[in-house]
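User: Please take a close look at one strand of this model, and then place that strand in its wider setting. I am a first-year student, so please explain each term when it first appears.

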Amino acid sequence: MQARKKYVLLGLCACCWLLLFYWGGGVQVRLLKLLGQQRGDVVRPWPDWTDRVLLPGYAQLEELQTGPGSAESPRQRHQAWTGIYKDSRCRMETCFDFTRCRRRGRDGFRVYVYPSEKGERGSESYRKILTSIGESRYYTTDPREACLFVLGIDTLDRDQLSGQFVPNLDDRIKGYPLWNEGRNHLIFNLYSGTWPNYTEDLGFNIGQAILAKASLNTEHFRPGFDVSIPLFSKDHPQKGGERGWLVRNTVPPRRKYLLMFKGKRYLTGIGSDTRNALHHIHNGKDIVSLTTCRHGKDWEKHKDARCDHDNLEYERFDYQELLHNSTFCLVPRGRRLGSFRFLESLQAACIPVLLSNGWELPFSDVIQWNQAVIEGDERLLLQVPSTVHAVGNERVLALRQRTQMLWDAYFSSVDKIVLTTLEIIKDRVFSHVSRNKYMWNSLPGGLLVLPEYSTHLAHFPFYYLSLGVSPGQEFTAIIHAVSPLVSQSQPIMKLLQVVSKSKYCSQIIILWNSEKPPPHRSKWPPMPVPLTVTDGRRKTSSRFLPNVAIETEAVLSLDEDTVLLTSEVNFAFLVWVSFPERIVGYPPRSHFWDPVKNAWGYTSKWTNEYSIVLTGAAFYHRYYHYLFSHYLPPSLRALVDRTSNCEDILMNFLVSAVTHLPPIKVAQRKQYKELPSPQGTKMSAPWANPEHFTQRQECVNSFASWFGYMPLVHSQFRLDPLLFKDQVSVLRKKYKDLERA
């Protein structure tokens, strides 16, 4: 009985609640509708607890990527994307023909560029990209050899309102007989979409082509297939580029301003939410965040109450001065996810603080960006100041140093951006012979580490220090012989005896480049180490070709007329063991800038400063043989062979470009003389030819032109043996022979 009463009571309570809701909440809603109709407002029903209106301080990712004037929803954008990129699930295994690349083994990675149609003019940036490919070691003019194809049609700017927009791409591309639905094709793009949504619509179907694109969204990025590239301006240099701004001994690591931004503010449209909020963190002291409305034709029509004040504050600060004196630089999204500020910050060693949700960072497959940038969240802008304040000095210095490494290695020129793109794709094609993350993210950078040589870090000289290993304790001597052997008293005979007596010498290789055939082994003197004579094919550059006979890490390069003592050889080798990534040797030379001729000059005068150590008597790592032959273009090696000159200068250029350091000169006896030619030969010393010096001047300028900058570094550093020329007993000196005239 009591249980029945309980159930009746509960039923009555439920009915009361329903009546209250109907007469209370329903009447309220009707009254609100009535009032809203009188005011002309639209009344929303009461929000659910998950409604974004309840959290006005937090914007959703879709809102940040869709401007106030955009009527397109994320679902509509996704449908538009999949309609254009029908092969959005492409991977190398499904949309790439590996057989085209593996026909010639490791040399099968060749890139073909379609010829441009008559009368068609592409943008300056696209011409730079095609030039970089055409001058690379991967370029081929034969499409049958190609592994990868690049369009001759400019695809960089796909904004329909742009003057660089190329229409009817679908029809034109389908006319290419090798298009094959885009398979094995690479498409470059910097700008996609147009006002007001700026979607990633390219306006044509890329099919199964690899997309190398700036401002890529992670939602549309195809991992392991596409390549995200940086947004760069038309003024970005073709080659070389300016060095980073960080001085090696910069202490303290922090600068005058903690955080800065100076740029456009968008009043409407996509990207306006983030930039409109930047003024909240500006204090004019350690944080400078400046925006201006003064851009575009109709900015005055749309300006708001803050524009005039912002414009005045904007003019108070110089952008370059802020870049040079700021520790952190804000890099908010623009109309698209990428921004020119990104590369500008990297070069300036101003740590980028990214505010661009969903941006797939450039070369994200290989670069560990957490070591160089701070990734913020557009929805949490007000937390950025406290975040950067909390970064310690050691971390600040490490981040700034990494920005410089990445800038110099991959972003300072169009050449490096294009070659990095190609190398990433090549590593995917030949994944069994590819670089690891450490190679990409440490000096000298992935472009100068050729995995065909080795995939083991310990085989490269510039990793010894970080790995805590030392090179081997033996060397291979390579003697460049150009004179026929007519007498047992020729300088090469004495040189063989001197070098073979070194306790560090493992073997001697004579590179025979004489017009006459090499003499029989019995003509050479007996010696305690193996002697090999190889054919140099009468090419000057052959002295730096990879040789399977070289089993040691150290190589001693010698001219046939070099005059040395065994103690000199031993001392130079021990110095090289301490600096295995550099050239260590004796005869120095230098370069200089001639303002009258507006060109580089070359001098052999003995001064306190040098930038070149001649390889007629020098130690270096054998890896540089491989780099000389496979990294440098054939045109430079052809110049060396044509003139029979400058190979030593070119090797110095290469090693200094890798290390950003000068060679090392060691103590020597000053008794080198220009020896007469052996009797019975018509050969004369090269320096006796008046054209020899002129050719070397021209070589310096040709090499600097190819590198895009002058990699040679001056030095006044010389290493002498302990107690060298000190006024002490000779018995206390290990290398006493070096002081004898």
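Analyst:
**Strand β6 and its surroundings**

Strand β6, residues 257–264, is largely enclosed by the rest of the structure, because seven of its eight residues are buried. Buried means under 20% relative accessible area, exposed means over 50%, and partly exposed lies in between, with a 1.4 Å probe and protein chains only. The model is a predicted one, in which local features need pLDDT of at least 70 and side-chain atom pairs count only at pLDDT 80 or more, whereas totals for chains, interfaces and linings use all residues. Residues are numbered from 1 along each chain as its sequence is written, and side-chain values rest on heavy atoms, without hydrogens or water.

Strand β6 runs parallel to strand β7 (residues 287–292), to which six bridges join it. Within this pairing, K262 has L290 of β7 as its bridge partner. Strand β6 is also parallel to strand β8 (residues 326–332), with three bridges between them; here Y257 is matched with S326 of β8. Two strands pair if DSSP finds at least two bridges between them. Helices (H or I, at least four residues) and strands (E, at least two) are DSSP runs, numbered from the N terminus.

The wider setting begins with the chain as a whole. Its secondary structure comes to 22 helices and 21 strands, and 52% of its 741 residues are buried. Of the contacts between residues at least 6 apart in sequence, 74% join residues at least 24 apart, where contact means heavy atoms within 4.5 Å.

Elsewhere in the chain, eight strands form an open sheet with mixed pairing, in the order β13-β12-β11-β14-β19-β15-β20-β21. The edges are taken by β13 (531–535) and β21 (718–719), each of which has a single partner strand, so one side of each is left without a neighbour in the sheet. Strand β13 runs parallel to β12 (residues 505–512), and five bridges link the two; L511 stands opposite T534 of β13.

Two helices lie across strands of this sheet. Helix α18 (residues 566–578) crosses β11 (475–481), β14 (554–559), β15 (584–585), β19 (617–621), β20 (664–666) and β21, at about 30 degrees to β19. Helix α19 (residues 623–630) lies across β11, β14 and β19, and its angle to β19 is about 85 degrees. Such angles run from 0 to 180 degrees between N-to-C directions, with axes fitted to C-alpha atoms, for helices over the stretch in contact.

The loop between β13 and β14 holds K539. With 44% relative accessibility, K539 counts as partly exposed. Apart from its neighbours within four places in sequence, K539 is in contact with N513 and D641. The C-alpha atom of K539 also lies 7.5 Å from that of S644, although the two residues are 105 apart along the chain.

Helix α21 (residues 647–659) is mostly covered, as 13 of its 13 residues are buried. After α21 comes H660, which has a positive phi near 60 degrees.

A second short strand, β10 (residues 374–375), contains E375. E375 is exposed, for its relative accessible area is 56%. Leaving out residues up to four places away in sequence, E375 touches L354 and L361. The C-alpha atoms of E375 and V353 are 5.8 Å apart, with their positions 22 residues apart along the chain as the separation.
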